[in-house]
Each structure stands twice: as structure tokens, then as C-alpha cells.
Amino acid sequence: MNLGKRTTWMLKYQKAKAKLVEYNIPRENYPHFAFDSNDLSFPTTYIISKYSESVIDESIEELSMFEPLLTIAAQYYDAAVNSKDRDIYTFDFLLSGASAYFLSSNFGSAKVLTKVAHDTVDQHERRPQRILLNVYNYLLLSESLHDLAINDRYSKVNNAFLDCFEKGQSKERLIGELISYRKEIYLADDPDDVYYVDILFAIILRALDNVPWNLLPQYSKRPIEDWTDYLSKETSIKMLWPAQRLIGESGILQRNNAIVQLPTGVGKTKSIELIIRADFLSNRAKIVIIVAPLRALCNEITTDMLRAFKNEAEVNQFSDVLQEDLYDFANAMSKQILVCTPEKLSYVVHHDPGFLDLIDLFVFDEAHMFDDGERGAAYELLITHIKNLLSNEQQIILLSAVLPNAEEIKNWLFETSGVLATDAKIVSTPKSLGFASAADGNIVFYTEDPGKEDYYIPRIIKVERLENKPRERKQRFFPDLSSNKASIDIAIFNAIKLCNEGVAIYVGRQQTIKTVLERFLDLNDRKFELSALTEGINIGEANKLSNFIKEYYGEDHCYAKAAYLGVLPHSASVPSGIKLAVEYAIKNRHIKCVVCTSTLAQGVNIPIKTLLVTSIRIGRNLIKKRNFQNLIGRTARAGIYTEGNIIITDPKIYAEKASGAGWYRWNECIDLFHSNSVEKCSSSILEVTRDMAIDYETKISGEEIIRYILEHYIDDNCFIELCDNITNWYLKKKPQSTQKNIFDQLEFRKQVLSSIENYLCLRFSVDLESDRHEVAKDVCKNTLAYSLASDKEKLMLLHIFEKIEEKLAIYPSDQLRNYSYAMSGMNESLKIENWIREQELLEVQYQEQDLLLKITNFFKEDRKIKAVDRFYEICKMWIDGHAPFEISQVWKIDINDIDDICSKSISYELNFFIGNINDLLIIDEETPVNPSNQLSILQKKVKYGVPSVTTISICEKVFNDRVLSLHIENILGSTEIETDQIIQTINYMKDEVFILLRDYPQFFTDRLEFVLR
């Protein structure tokens, strides 16, 4: 069946109408459409009807003919509902659209339309439409449905369906009832009922192909009895989505090692749960570890696992502090699910190499981190270590949405064993790509192909004159399309228009969040209409968020003021408690607009329909395609939206796309949206052998850099001298240039080599019987770097590992064992070891304040730190619990810099450094002073920015928030409550704590209720 170009344009017009409604354009301002898209109602009804008949009749030829057209039918009815031009048919459009989505296996979008249809039908109407909605409610919304009141054909079908899907009973009875019911409906000869009974029959047949009672025993090779308890629960999976079927068909539930490459939002969390369940049920696993790159993602996974495995397994999340907080897992009676970051797992492995032997199943989420800067090297060495030790009884799963060379990584990781689970037909929710055009005020949209224009919303960007403030003469406008901040203004304009369904404004830099929020506030001061931001939000929550933010930033800061307007910040430097509250507020639709950096791309799941991209660059560099794909994957979550919007608000990109440099910028931008052009996942270790680009014109050969490093590696000042040499050479060529790029790239190489040093310290200290030279070569050849390298690069990598082995050769195994604990390179470890002796740390008992002063002075010696002269004082105020605005006021330092110092230099880097000091202490029975416990507590204070054991315990076990930990400590009346007692103590005084939390964002109350449950 060829619907032709006319139909294609009709569908585009229907989508355009839906966008006009989304932008709240008055109907009288609609453009003239060449075709009436309402004429699509008949052919799309015909498509769904004929496809349903083909399913029932098992007509392969007609199935293949009509299947490609289901998406057109689904999108038409979806857009027809959203365009609101035929409200009388809303229920039929919703049910038809949901059915077309379902039959094309797009269960997420079917779920969205089902939610809307749920309350629009007469609950007493006993027709095929009602059974069909019952089926969707059960399969997609997990509603418990029972309709036993009347013993008619309707009830028989309904109850046979429930018996089949709730109890795993035979499908033959259900199909028999459907055949009888269909005959009955056909005899009554009502066209609507005939249409829906065929859809009902087809939907149930398609659902029967995905029934978990049949598939899970088959995929796991376990008897149905093993799965009965789980499948009988109301919370169990009702139907397997394509992603879960892929997991099963790949043999992963039978213990195949695997790389799973699936787009964001297609059922990954439920897939992880099924993998763990299969291992638990078969007694193949007792201890599972899930590794994710961010604490926020670890928190989310922990919460999901606690809900899924309530009373079935113990779920523990390790703290981010690099200390030993391990439980006695080996002797635990219950099944265990552990959650941590890669850094924490590396730390655990370095301190207890035997820990990996206890783990039965490894799950690495967001597993594309091999080339993630300095972190990538340590991550690659961790995976390499696990790979080499993995036994036949252990299983490892790597999951990622953006791993275009997954086959290469699978071959490296598993060689001839293991599987790659991926399917190009499993796609995330579709996205419309829009470009702002300042010349005519249009938003031009692209859907199927980012390079082919589909439709546009005409004259949407309307410039308005703003009120002047006192003593202002120059007239102001919004959006100000002539300024260098036009992209921000257009983003704000669109956010106001589209915030009802959830919108994020993406900015490339942390500082730009402040710029965007201050513009919102400026518009509010000038009486620009912003009521759309607060319509439909939870005003009480917005006020609580604003008051909460004030405790960190003061009442005059734009973060606090903008929260009143319903606009919130999200970035790496924002305090943890605020980020947690913001994510919760967005998830629960309390607030619908967030201004964010790329932290949103790193796994945080929040319901956003529209992403407004103010820039595709971070500084001078184009955003990584992989990061951009992950970022846009956060929009339009499956089951929440059927489509997402990505709008590029920089008007120059569209305006200048036809000529000169603009043509290159346009193609750079378009290329970001092509998922098939995403960069291959490489290796940070391999990167050290590559050429170093100083600017667009100047490169230095990777071979030359490696040659210099190898010749001078034993020297402590190797990288300093190399940096000076390159800088002097470069400045002779370009005297006005900066050396920062040179320093950063060499520092990256230094840190990667330090990671290799540290890992080889571990290997040399445990492989006592092996020749170190052979161990170093073996480690090198087992890395992903070596697997991906050219022959020339392989040789360079071998020389690097051999040179490091040569550097370590003079140290005995027990000394290397101690150095391996520190998680840093040899030069750093030796420097710390020498400092410990100089400061007589094992002879003199220091007060905490004196110890902190000595450590901060030592820490800042070779580091570039903002406000370095005040670093100790800032650190002291941070530990004492002072808010960023208080530190800023005392030391007259910009609050953004304070955020950066506290979140990065103190909470992350200094915390890590103190851990290194503690790990390099050599303590025996004759040691006069043991500062280990004092250092451990100080390290946690530095990590969380709190002053006591109690506040540390709250941050680790309840929620990581400095402000509330201090308030709750005041209620508990003690500063010395340990982590294993904090929940019990809070539970004893929970009434007072909950009264306190009434004035704070809802996240904290809900989190505490969950923890105390």
C-alpha cells in the first residue's frame, strides 16, 4: 500500500498543528495548509484494521505490507489528539494511536496514550473498547483488574485474559473466548465494535508473544515454579518489552557475559532486575555488584533495587569516600546487591584483591567510560583486572546507550565467548529537531532526517518592548535578537512557551546558568509575562525550594529568586542536597523548567519533553557527539512522552547555514544528531600515544612526546620540563597565545601514567611468583588500548609499560603493596611518604585544625587552585558547615568560584588526597601515634562539608545534604552518632525530624520515609 507524498505531507501538517497548539498559537493565526490532514483518518483506520486482521489470520504477506505504515498511523492519531481540533473523537484517537504504537512494539508510547485514555471512557460501558483499555491498563500501567460481576461474554474474555497473564494459565481458553466474542460482535454489526474487537484480538495475540510466564522460564532455563512467586506479585513485570526480549534471546539470563547496547529509556532498569532475578533464582549468584559513574545514578539504582527486591535481598550502597566501609559479605546469610562508583570498586580491589572472588555478577551501567579523561584510564584498568580474573562461575554485563564500536569492545573483553545484545529496531522515543530563525521568527523542524526540513511554526518568536527601569533611557527588547546573548533569550522565550510539559535549557558552562537565571529575573522585574512558568506547578514546593536554596546562597542570589518563578539550576557544582531536591521536583512535576549543564547527560532520569540547546560548544570545543546523544536521550522518556523536542536556539546556526564558516557550523550541528556518526569509544590510555593538538593549526607528534617521556620518566620533573619546552617553542611561534591547553593535555597524560603505575604496584605485589617485566607486558596486551591500537601505537604502549616497570623495579613487593593502596602514582606516593616523616605524623598527636592546616598547605603545593591563598580558611569554613554565600562574603570571592573550590578542589580532590595519606601510613604495635581514625573522620568531613560524626552519618545513610544534617543533629542532641546507629536514632525521634522537614522540599520527607521503612 503506497500512501504517497500527499499522505506524507498530511502527516507533517498534523504534526505542525500539534506544535501550534503546544506553542498556544491562536487558531486564527494558523498558516494555510495545502491539504486537510483530517483526511488521514480513513487510511490510518484502514491500516490498523487491516494489520489487526493480518495478525489474527497470520497473513505474512499483509503483515509485511502494513507493518511499515503503523508508525504513520500511530503518529497521526497522537498528533490529532494533541492538535485538539476534533475533541469529540479524543477517546477513539487515543485508543487507535495506542493500538498502532502497541502493534509496532512501541510499548512506551502506547503507555503514554493509555494514561490519557484511562479516565475518558464510561466505566460501565461493556464494549470491546472497554476490554481493550482494560488490557492496556494491566499490561502497560500494571493495574490490577478484576471484572467478575456479570457472567457474560465480555467478562469471560476479561477474566480469561487475567487468568492467562496473572496466573500463567493456558492461552487456549483465552483465544477460544476471543473467537466467540468476535463472532458475537460481528453478528451485532456495529462498525465501531467490529473495528475494536479485531484490534483487541490482535493486541492480545501480540501480548501473548511477550507473556513472562512463558518467556522467562524459557530464557533462563529454569522451571516455571522458580518464577511463580515473583510473577504472582502485583509489582512483577506483566509483559516483556523488546529490550527485555533481546536480553533473554541473547542468553544473558543463562549467564552469558554480554555487552548490552540499547538506547536510553527502553526498559534498561527492568532488564537489570530480570538478569539479577534469574541468577538469584538459579542460585548462580548470591552477591551482585552494580557499578555506575555518578553518585546520583548510584542513588537512583539503589532506590530501584530496594523497591524491586524488597524482602528478597539486602541492598547496600558504598559511600563515595575512599575508605574501607565493607561489610562481611562472604558470611552474610541473605542475597546481596551492592552499588558503587568505579572509583570505589577500584579502591576496594586495591585494598582487598580477593573481594572480586566474592562477586557472582558484575553489572556496569553507562559502561562507555574508557575514554573519559583521567577517569577512563583507571576504569579501563579495573575492567582489565576483572576480565583477567573472571571465572566461569562469574558473569559480567556492560550496558551503554552510546557504544558504536561495541563489537570491538566485546571482542577485547570476551574474545570468542560472550555476546553483544543490540538491535537497531529498538529505538528511543523520536525527537523533533528545531532551529530558531531570527530573520522571520520561525522555528523550523526536522524529524526523520536532521538534514531535511519537515515543517515550521511561523512567526513564533515575537520581539516585545520591555519596560525600562528607573533612570534607564535605552529601550530594551525581548528576545534581544541583536545581542550576543540572543541564543539565551530565544531559549528563555521557548521555555516560557513550552514549560507545561517539562523543559530544560542546556548551557555549555556552569557560569552561564547564572546568566540565564538573571535574565529570567530581569524580565520579571520589567513586568514581562512569566505566569506560564508557575501555572500548573506546585507553588508550595517552589517556595520551599527557594527558601532551601537561600540557606546555601542567600536571599539575593539568582538561584533562590528564580526558584520562586519555577526555574531551577542543575550542574556538577550545585550542592548535593539542592541537586537531589531539584531532580525530585522535576520528576514529580512540582517544577517544569531547569537550567542545566551536561551533568544531565550522565544518567540522571528526569521527565523533560523539550531540550533547548543554547550552544553546541563547551568553550572552543564542540561537545562530544556521544555526550550530546546521551544528553538528548534524557528527553522524552519512554512511557512519559511519545515525542521529544530538541531546539537549537543559536539563530546564527540556521541563518548562516548556506555559506562560509556557517556551512561548517551547520554540518557540525546536524552531525551531532546522527547516532550512526557518534565517535567510537576509545581509550584514555591509548590517547597518550596520540598527537597533541595545541590549536587548530599546531600539533605535536605523539611519538615525540612519548620519546621524551620515556627518556626522562625517572626524573621527578619530567612533565614540568616537557611543559616548559613545548610552551617556549609554541610562544616563539605565537607570542600572544596561552599555555593552558598545553598544561592540561600534559597533566592528562601524567595522570594516565600515574594510574598505570598504581595498578602495576598492585599487580607486582600480588603476582609474587611472576617476572615483573612479563606481568607489565601482559597487562599492557590485555588493555582495551592495546586492542584498539595500530602496530606503531602498540609498540609505544609496550615501551610505556616497560618503562614504568623499570621505575618500580627497585621497590620490594611489600612496599609496592602499600603504594597500591594510595590510588596515586609513585611520585605522589613517595612525596606523601616523605611528608608523613617530616611532619612526624606517627609521633605527634595533632589537633584536627592543625592537621588540616598542614594537609592543605601540602596539598596546594603543585596544584592550580582558585583563591589558593585562602584555601585553608575556605576549607575550614566548609567543614564547619558554613554556606557558600557566607564563605563568599567573608573572603570577598565570587560565589561561583566558592562552589567550584568546595565541590571540586575540597570535596573531591582534597578528600582523595587525605585518603592517600591515610593509606600510606605504616602502623604497627610500636607506632607511638595512630592518626588513621582521625584522618578517616577528617576525610569524610572534607567530603561532605560537615563538622561531626553525626552529620557524616546523616549524609551517608539518609541524604547527602549539609544544611539538613546540621538541623537534624540539633534535634538528636549528639555529635557522635555512628552510621550503624543513625537510622535507629532518627527513628526514635522521627516525629520531631518530620516536623522539621515540613518546611523543606518534599524529597527529604519522602527519602526519610523510605529509609525508615
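**Where does His-557 lie, and between which helices?** In this predicted model, His-557 sits in the loop that runs between helix 23 (539-553) and helix 24 (558-564). You might guess that a loop residue pokes outwards, so check the accessibility: at 9% relative accessibility, His-557 counts as buried. Now look for Leu-517 as well. His-557 and Leu-517 are 40 residues apart in sequence, yet their C-alpha atoms are 9.8 Å apart in space.

**A second histidine, this time in a helix.** His-351 belongs to helix 16 (residues 342-351). With a relative accessible area of 13%, His-351 is buried. Follow its side chain and you'll arrive at the backbone oxygen of Tyr-347, 2.9 Å away.

**Two asparagines in contact.** Find helix 8 (residues 153-167) and pick out Asn-158. How far is the side chain of Asn-158 from the side chain of Asn-134 in their polar contact? The answer is 2.7 Å. As for cover, Asn-158 has 2% relative accessibility and so counts as buried.

**A salt bridge between a loop and a helix.** The whole structure holds 55 salt bridges, and here is one of them: Glu-312 with Arg-277, whose side chains meet at 2.8 Å, N to O. Glu-312 is in the loop between helix 15 (295-308) and strand 3 (314-317), while Arg-277 is in helix 14 (residues 268-281), so the pair ties together parts that are 35 residues apart in sequence. Is Arg-277 buried or exposed? Its relative accessibility is 5%, so Arg-277 counts as buried. Glu-312, on the other hand, is partly exposed, with a relative accessible area of 32%.

**A salt bridge between two helices.** Asp-671 and Lys-625 bring their side chains together in a salt bridge of 2.6 Å, N to O. This pair links distant parts of the chain, with Asp-671 in helix 28 (residues 660-672) and Lys-625 in helix 26 (residues 625-632), 46 residues apart. Asp-671 has a relative accessible area of 25%, which means partly exposed. Lys-625, at 17%, is buried.

Some salt bridges go beyond a single pair. Lys-469, Glu-472, Arg-476, Asp-489, Arg-519, Asp-522 and Arg-526 are joined into one network by salt bridges that share partners.

**Arg-375 meets Asp-372.** Zoom in on these two side chains and you'll find another salt bridge, with the closest N and O atoms 3.8 Å apart. Both ends can be checked for cover. Arg-375 counts as partly exposed at 24% relative accessibility, and Asp-372 is partly exposed too, with a relative accessible area of 35%.

**A patch of negative charge.** Which residues gather in this surface patch? They are Asp-715, Asp-716, Glu-721 and Asp-724. Take Asp-716 as your landmark: look in the loop between helix 30 (702-712) and helix 31 (718-733). Asp-716 counts as exposed, because its relative accessibility is 62%.

**Gln-815 and a partner from elsewhere in the sequence.** Gln-815 is part of helix 36 (residues 813-821). Its relative accessibility of 27% puts Gln-815 in the partly exposed group. Try locating Cys-761 too: Gln-815 and Cys-761 are 54 residues apart in sequence, and their C-alpha atoms are 8.8 Å apart in space.

**Some backbone oddities.** Before you look, here's a handy rule of thumb. Most residues other than glycine have a negative phi, and most peptide bonds are trans.

Start with the peptide bond from Phe-478 to Pro-479, which is cis, with omega near -10°. Pro-479 is in the loop between strand 12 (477-478) and helix 20 (486-498).

Next, try Asn-24. What is the phi of Asn-24 near? It is near 60°, a positive value in a residue other than glycine. Asn-24 sits in the loop between helix 1 (4-22) and helix 2 (41-57), and with a relative accessible area of 63% Asn-24 is exposed.

Finally, jump to Met-823, in the loop between helix 36 and helix 37 (826-838). Met-823 also has a positive phi, near 60°, without being a glycine. Is Met-823 buried or exposed? At 17% relative accessibility, Met-823 counts as buried.

Technical notes. Residues are numbered from 1 along each chain as its sequence is written. This is a predicted model: local features need pLDDT of at least 70, side-chain atom pairs count only at pLDDT 80 or more; totals for chains, interfaces and linings use all residues. Side-chain values use heavy atoms; hydrogens and water are left out. Patches are made of residues with over 30% relative accessible area and no salt bridge: like charges are joined within 9 Å, nonpolar side chains (Val, Leu, Ile, Met, Phe, Trp, Tyr) within 5 Å. Accessible areas come from the Shrake-Rupley method with a 1.4 Å probe; for residues, only the protein chains shown count as cover. A salt bridge is a side-chain nitrogen of Lys or Arg within 4 Å of a carboxyl oxygen of Asp or Glu. Lys and Arg count as positive and Asp and Glu as negative; His and the chain ends are not counted. The place of a charge is taken as NZ of Lys, CZ of Arg, CG of Asp or CD of Glu. Helices (H or I, at least four residues) and strands (E, at least two) are DSSP runs, numbered from the N terminus. Buried means under 20% relative accessible area, exposed over 50%, partly exposed in between (1.4 Å probe, protein chains only). A polar contact is a pair of N or O atoms within 3.5 Å; within protein, one must be able to donate a hydrogen and the other to accept it, and residues adjacent in sequence count only if both atoms are side-chain atoms.
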